Amino acid sequence: MKSIYEQTGEPAMLEQAAEEFTEAAQAFLKLARYERGENPTPKTREECVKDVLEEIADVETCLAQLTAAPWMNMEKIFEGIDEKTERWKRRIGTI
């Protein structure tokens with residue numbers, strides 16, 4: 001059985017991923033607005049968290065499908081995660 005990536009094709013998968021990342025960003029921003037108490041939202045904290053978790057699942061689903069892309073290099077991604085984590089730690093003074 002073909003993967004979703006193979007069935008839809010790379011351009012469609014990339015578009016779907018971009019859409020899901022955008023929706024995740026909006027959900028995170030709404031939760032931040034709730035947490036700050038500024039620019040209020042009619043949603044409860046629980047609704048905001050539910051939305052964030054749902055969007056994370058959507059993003060993770062797209063990323064899992066994109067691992068089939070011939071250009072995907074998980075080793076480079078993990079190296080980048082390590083580098084960015086260290087940089088972040090330096091910036092906040094934990095190392």
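These are my notebook entries on charges, patches and cysteines in this structure.

**Entry 1: the model**

I am working with a predicted model. I keep that in mind for every entry below.

**Entry 2: salt bridges**

I began with charged pairs. Side chains of opposite charge can pair when their charged atoms come close. How many salt bridges does the structure hold? I found four. I looked up three of the pairs in turn.

Lys43 pairs with Asp51. Their closest N and O atoms are 2.3 Å apart. I then checked how open each partner is. Asp51 has 22% relative accessibility, so I wrote it down as partly exposed. Lys43 comes out at 29%, so Lys43 is partly exposed too.

Next came Lys50 and Glu54, another salt bridge. Here the closest N and O atoms lie 3.9 Å apart. The cut-off for a salt bridge is within 4 Å, so this pair counts. Where do Lys50 and Glu54 sit? Both are in helix H3, which covers residues 45-66. They are four residues apart, so about one helical turn separates them. Is Lys50 buried or exposed? Lys50 is exposed, because its relative accessible area is 52% and the mark for exposed is over 50%. Glu54 reaches 40%, so Glu54 is partly exposed.

The third pair I looked up was Glu86 with Lys89. Their closest N and O atoms are 4.0 Å apart. Both residues belong to helix H4, and they are three residues apart. That spacing again means about one helical turn between them. Glu86 has a relative accessible area of 34%, so I noted it as partly exposed. Lys89 has 32%, so Lys89 is partly exposed as well.

**Entry 3: charged patches**

I moved on to surface patches. Which residues form the negative patch? I listed Glu75, Glu79, Asp82 and Glu83. I picked Glu83 for a closer look. Glu83 lies in helix H4, which runs over residues 74-92. Its relative accessibility is 56%, so Glu83 counts as exposed.

Then I looked for positive charge. Lys84, Arg87, Arg90 and Arg91 make up a positive patch on the surface. I chose Arg87 here. Arg87 is in helix H4. Its relative accessible area is 36%, so Arg87 is partly exposed.

**Entry 4: a nonpolar patch**

Not every surface patch I found is charged. Met74, Ile77, Phe78 and Ile81 form a nonpolar one. How much accessible area do these residues have together? I noted about 350 Å². Ile77 was my sample residue. Ile77 is placed in helix H4. At 35% relative accessibility, Ile77 is partly exposed. Patch residues need over 30% relative accessible area, so Ile77 passes that cut-off.

**Entry 5: cysteines**

My last search was for disulfides. How many does the whole structure contain? The search found zero. I still checked two cysteines for burial. Cys48 has 1% relative accessibility, so Cys48 counts as buried. Cys62 has a relative accessible area of 4%, so Cys62 is also buried. The cut-off for buried is under 20%, which is why both qualify.

**Entry 6: looking back**

Helix H4 kept turning up in my notes. Glu83 from the negative patch lies there. Arg87 from the positive patch does too. Ile77 from the nonpolar patch also has its place in helix H4. The salt-bridge partners Lys89 and Glu86 are in helix H4 as well.

Notes: Residues numbered from 1 in each chain as written. Predicted model: local features only at pLDDT ≥ 70, side-chain atom pairs only at ≥ 80, totals over all residues. Heavy atoms only, no water. Patch = residues over 30% accessible without salt bridge, like charges linked within 9 Å, V, L, I, M, F, W, Y side chains within 5 Å. Areas by Shrake-Rupley, 256 points an atom, 1.4 Å probe, with all protein chains shown as cover. Salt bridge = Lys/Arg side-chain N within 4 Å of Asp/Glu carboxyl O. Lys, Arg positive; Asp, Glu negative; His and termini not counted. Charge placed at Lys NZ, Arg CZ, Asp CG, Glu CD. Helix = DSSP H or I, 4+ residues; strand = E, 2+ residues; numbered from the N terminus. Buried < 20%, exposed > 50% of the residue type's maximum accessible area, 1.4 Å probe, protein only. Disulfide = S-S within 2.5 Å.
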